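Me: I am new to this structure and would like a close look at one part of it. Please start from a single residue and work outwards.

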Amino acid sequence: MLDWRSIDTVLLDMDGTLLDLHYDNHFWFDHLPKRYAQVHGLDLQHARGQLQREIDARRGTLEWYCLDFWAKTLELDILAILREIEERIALRPHTEAFLQCLRQLHKPTFLVTNAHRQGLSHKLEITGIGGWFDGIISSHDYGYAKESSHFWRTLHGTLDFDPLRTLLVDDNQSVLAAAQAYGITHLLCIRQPDSRRPSREITDFEAIHHFDEIMTVRHSAQPRQPKPTGY
């Protein structure tokens with residue numbers, strides 16, 4: 001599916017791409033409504049509906065991904081509640097082997113995520129994958145979500161890459177569409193970002209289930225490199 005000779009730079013999403021999206025889906029649509037109802041003395045069904053309306057109203061915006069925004073809006077310690085279910089944070093199959101493959105292919109690899117820096121640090125702490133990347137970029141650093149054309153313009157202004165020779169792997173089709181509109185040529189979508197939910201039919205982009213479908217070097221991952229600083 002991929003001609004690695006035509007790719008110089010690799011951009012990887014985190015949630016739903018490298019990590020199982022089950023943790024995030026369980027948090028936002030199950031665990032958080034229960035805690036919100038408990039703290040504010042609400043009926044669970046009412047709390048769930050109110051949260052769903054708030055989430056739907058901001059989907060695709062930077063606020064949707066901002067833990068500070070939700071902490072203020074919901075009057076909850078979001079970070080503490082996230083840690084209550086941190087045992088659900090997990091790598092998707094073949095993630096570390098794929099990252100090692102990219103290292104052996106000498107492809108500069110960057111984590112490019114909409115995750116808020118605090119949540120990002122938490123997940124890197126749990127999974128230990130930070131050391132595989134040449135850089136870690138959160139959309140909150142730029143003030144635009146990845147669904148926005150402004151994000152890709154700003155990223156290109158700060159990161160040296162050729163859009164025609166760059167691969168982006170993401171589970172969010174709106175993000176892939178924005179990257180495509182900017183000119184990034186090689187785009188891959190993840191079919192089953194949440195291991196507890198069915199695989200999706202993807203028609204607008206090339207898609208894979210797992211990274212072993214595009215790996216050229218196949219063997220167990222070696223010890224990871226030291227984590228970069230600054231995330």
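Is A37 buried or exposed, and what is its relative accessible area? Please carry on from there to the helix around it and the parts beyond.

Reply: A37 is buried, because its relative accessible area is 8% and the cut-off for buried is under 20%. Bear in mind that this is a predicted model.

A37 sits in helix α1. Set aside its neighbours within four places in sequence. A37 then contacts L42, D43, L44 and A47. R48 makes a useful distance check. A37 and R48 are 11 residues apart in sequence. In space, their C-alpha atoms are 8.1 Å apart.

Now widen the view to the helix pair. Helix α1 covers residues 22–40, and helix α2 covers residues 44–58. Their axes are 9 Å apart and the packing angle is about 120 degrees. That angle is over 115 but not over 145, so it falls among the oblique ones. The two helices, α1 and α2, are therefore oblique to each other. The crossing of α1 past α2 is right-handed.

Which residues make this contact? From α1 come W28, F29, D30, L32, P33, K34, Y36 and A37. They meet L44, A47, R48, Q50, L51, Q52 and I55 of α2. By class, the contact of α1 with α2 holds 10 nonpolar residues, 2 polar and 3 charged. A37 itself belongs to this contact.

Helix α1 has another partner, α4. Here the axes come within 12 Å and cross at roughly 35 degrees. On the α1 side, the residues are W28, L32, Y36 and H40. On the α4 side, they are L67, W70 and L74. This contact of α1 with α4 has 6 nonpolar residues, 1 polar and no charged ones. W28, L32 and Y36 appear in this list, and they also appear in the contact with α2.

H22 belongs to α1 too. H22 is buried, because its relative accessible area is 10%, under the 20% cut-off. Leave out neighbours within four places in sequence again. H22 then touches R88, D194, S195 and R196.

Next, the rings. W28 and W70 meet across α1 and α4, and both belong to a cluster linked by ring pairs. The cluster joins F27, W28, W64, Y65, F69 and W70. The model has 9 aromatic pairs by the rule used here. One of them is F69 with W70. Their ring centres are 5.0 Å apart, with 75 degrees between the planes. That makes the pair edge-to-face, because the cut-off is over 60 degrees. Both residues are covered. F69 is buried at 17% relative accessible area, and W70 is buried at 0%.

Go on past α4 and you reach E75. E75 lies in the loop between α4 (67–74) and α5 (78–83). Its phi is near 55 degrees, which is positive, and E75 is not a glycine. E75 is exposed, because its relative accessible area is 61% and the cut-off is over 50%.

The loop between α5 and α6 holds H94. H94 also has a positive phi, about 70 degrees, although it is not a glycine. At 36% relative accessibility, H94 counts as partly exposed.

Then comes α6, residues 95–104. This helix is mostly covered, with 7 of its 10 residues buried. The buried ones are T95, A97, F98, L99, Q100, C101 and L102. They pack against two strands, β1 (9–12) and β2 (109–113).

Beyond α6, the chain reaches the loop that leads to β2, and L105 lies in that loop. L105 counts as partly exposed, at 25% relative accessibility. Not counting residues up to four places away in sequence, L105 touches W4 and T216. L105 and W4 are 101 residues apart in sequence. Their C-alpha atoms are 8.6 Å apart in space. Finally, H106, just after α6, takes a positive phi of about 60 degrees.

Terms used
Residues numbered from 1 in each chain as written. Predicted model: local features only at pLDDT ≥ 70, side-chain atom pairs only at ≥ 80, totals over all residues. Heavy atoms only, no water. Phe/Tyr/Trp six-rings, centres within 6.5 Å; stacked < 30°, edge-to-face > 60°. Buried < 20%, exposed > 50% of the residue type's maximum accessible area, 1.4 Å probe, protein only. Helix = DSSP H or I, 4+ residues; strand = E, 2+ residues; numbered from the N terminus. Contact = heavy atoms within 4.5 Å. Axes fitted to C-alpha atoms, helices over the stretch in contact; angles between N-to-C directions. Parallel < 35°, antiparallel > 145°, perpendicular 65-115°, else oblique. Left-handed = near helix turned anticlockwise from the far one by under 90°. Nonpolar A, V, L, I, M, F, W, Y, C, P; charged D, E, K, R; others polar.
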